[in-house]
Amino acid sequence: MIPELAAIKINQPAHRALRGVGIQTLEDLSKWKEDDLLALHGFGPKALEILKSTLFEYGLAFKA
């Protein structure tokens, strides 16, 4: 079972940034490019690495 994004341990500004653009699930997240996420206010490299490994764990990846 794929967890909801809210259950993943990233900082609150990163969670707010993702919610602000409508990303609520890992499937939603996999439709985004890494650079586009890093451009969001409050979203940084640490959150990106955590989410990248979580996506990989569930057979998903960021958009190329």
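**View 1. How sure is the predictor?** pLDDT is the predictor's confidence in each residue, from 0 to 100. Here the chain averages 94, with 100% of its residues at 70 or more. Among the elements, helix α3 (residues 34-38) has the highest mean, 97, and α2 the lowest, 95. Helices are DSSP runs (H or I, at least four residues), numbered from the N terminus. This is a predicted model, where local features need pLDDT of at least 70 and side-chain atom pairs 80 or more, while totals for chains, interfaces and linings use all residues. Residues count from 1 along each chain as its sequence is written, and side-chain values use heavy atoms, leaving out hydrogens and water.

**View 2. One side of α1.** Ala14, His15, Ala17 and Leu18 of α1 are buried (under 20% relative accessible area, 1.4 Å probe, protein chains only). They sit on the same side of α1 because they span an arc of only 160° around the axis (taken from the directions from the helix axis to the C-beta atoms). Their cover includes α2, α3 and α4.

**View 3. The two ends of α1.** At the start, a side-chain oxygen of Asn11 comes to within 2.8 Å of the backbone nitrogen of Ala14. Just after the helix, Gly22 has a positive phi of about 85°.

**View 4. Inside the largest nonpolar core.** Such a core is a set of buried Ala, Val, Leu, Ile, Met, Phe, Trp, Tyr and Cys residues joined through side-chain atoms within 4.5 Å. This one has 17 residues, and Leu5, Leu18, Leu29, Leu37, Phe43 and Leu51 touch the most other members. α4 gives the most, with four residues.

Technical notes. Buried means under 20% relative accessible area, exposed over 50%, partly exposed in between (1.4 Å probe, protein chains only). Contact means heavy atoms within 4.5 Å. A polar contact is a pair of N or O atoms within 3.5 Å; within protein, one must be able to donate a hydrogen and the other to accept it, and residues adjacent in sequence count only if both atoms are side-chain atoms.
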